[in-house]
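User: Could you take me on a close tour of one part of this model? I'd like to look at the sheet, beginning at one end of it and working outward to whatever packs against it.

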Amino acid sequence: MTRIISIINHKGGVGKTSSTIAIGASLNLHKKKVLLIDLDAQANLTQSLGFNETEKSIYGALKGQYALPTYEKKKGFDIVPSTLDLTAAEIELSSEAGREFLLKELIAPIKNNYDYILIDCPPALGLLTLNALTASTDIIIPVESQYLALQGMAKLMDIVNKVQSRLNKDLKIMGILVTKYEVRQTLDRNIVEVINNTFGDKVFKTYIRKNIAIAEAPTQGVDIFEYNDNSSGAEDYKKITKEIMKL
């Protein structure tokens, strides 16, 4: 069965895009067929993988202009690019019948071509995020190991619960992913303790450590493994991927 995973947190800067790319690339290293969907109008995932200009994007597909456009990054590793035009989608699609199911319907014809489909969600809890959650089998929530990390989590969980009860009863929280972790910092360790106490076994055992290679890889249009396979970032995402594949 194809796993469709939304990477979601309405707080920006927590590592959603970096995690989507790295997890997808790592799954591909395990010979899994992977599709990444950039559902953020900032198009950071699209640009990070070197797709700066594409004829078609997720925006046109959501508008019903064409089928979901997929572009190959490498064998078994495709992306659906985004564009700044997607900022208008929330308003333009608000009157569409069944508007929460648009992405699910677009994914349906190609779903079986992939083992994993990862959706990089926007930092908001609007219509696009609802589409992602409605289309997904699972969600991963990246949480930065910082003081304000848990602020707003109650609202996020409320949205997830409503989607589960009204739109997608099969949606599951795969895990909470701690990012930008600095083991030498007492505050980071304290915040992680709070996260574990709050979410228990839903927290992934591996934490993503702060690592400059994670930030540098997008400047070259490649994933962390192509950029520096020996970095701590690459090591951590390999471990996370093994956890994901066991779930």
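Analyst: Happy to. In this predicted model, strand E3 (residues 71–74) pairs with E4 in the antiparallel sense, over 3 bridges. The two strands form a hairpin with 2 residues between them, and there Gly-76 takes a positive phi near 75 degrees. Across the pairing, Tyr-71 stands opposite Ile-79 in E4.

E4 itself (residues 77–80) deserves a closer look. In a regular strand the side chains alternate between the two faces of the sheet. Here Phe-77 and Ile-79 point one way, Asp-78 and Val-80 point the other way, and all are buried. E4 also pairs with strand E2 (residues 34–38), in the parallel sense and over 4 bridges. In that pairing, Leu-36 stands opposite Ile-79. Ile-79 therefore has Tyr-71 opposite it in one pairing and Leu-36 in the other, with E4 sitting between E3 and E2 in the strand order.

Stepping back, the whole is an open sheet of 7 strands with mixed pairing, in the order E3-E4-E2-E5-E1-E6-E7. E3 and strand E7 (172–179) stand at the edges; each has a single partner strand, so one side of each is left without a neighbour in the sheet. On average, neighbouring strands of this sheet are turned by 25 degrees against each other, direction ignored. Further along the order, strand E1 (residues 3–7) and strand E6 (residues 138–144) pair in the parallel sense over 3 bridges, and Asp-138 in E6 is the bridge partner of Ile-5.

Now for what lies against the sheet. H1 packs on it, touching E1, E2, E3, E4, strand E5 (116–120), E6 and E7, and the direction of H1 makes about 165 degrees with that of E5.

H1 (residues 16–29) also meets helix H11 (residues 232–246): their axes come within 9 Å and cross at roughly 70 degrees, so the two helices are roughly perpendicular to each other. On the H1 side the contact includes Ser-18, Ala-22 and Ile-23, and on the H11 side Tyr-237, Ile-240 and Thr-241 are among the residues met. By class, this contact has 7 nonpolar, 4 polar and 1 charged residues.

As for H11, its 15 residues reach 22 Å from first C-alpha to last, close to the 21 Å expected at 1.5 Å a residue. Its buried residues include Tyr-237, Ile-240, Thr-241 and Ile-244, and these four also take part in the contact with H1.

Notes
Residues are numbered from 1 along each chain as its sequence is written. This is a predicted model: local features need pLDDT of at least 70, side-chain atom pairs count only at pLDDT 80 or more; totals for chains, interfaces and linings use all residues. Side-chain values use heavy atoms; hydrogens and water are left out. Buried means under 20% relative accessible area, exposed over 50%, partly exposed in between (1.4 Å probe, protein chains only). Two strands pair if DSSP finds at least two bridges between them. Axes are lines fitted to C-alpha atoms, for helices over the stretch in contact, and angles run from 0 to 180 degrees between N-to-C directions. Angles under 35 degrees count as roughly parallel, over 145 as roughly antiparallel, 65 to 115 as roughly perpendicular and the rest as oblique. Contact means heavy atoms within 4.5 Å. Ala, Val, Leu, Ile, Met, Phe, Trp, Tyr, Cys and Pro count as nonpolar, Asp, Glu, Lys and Arg as charged, and the others, Gly among them, as polar. The expected span of a helix is 1.5 Å times one less than its number of residues.
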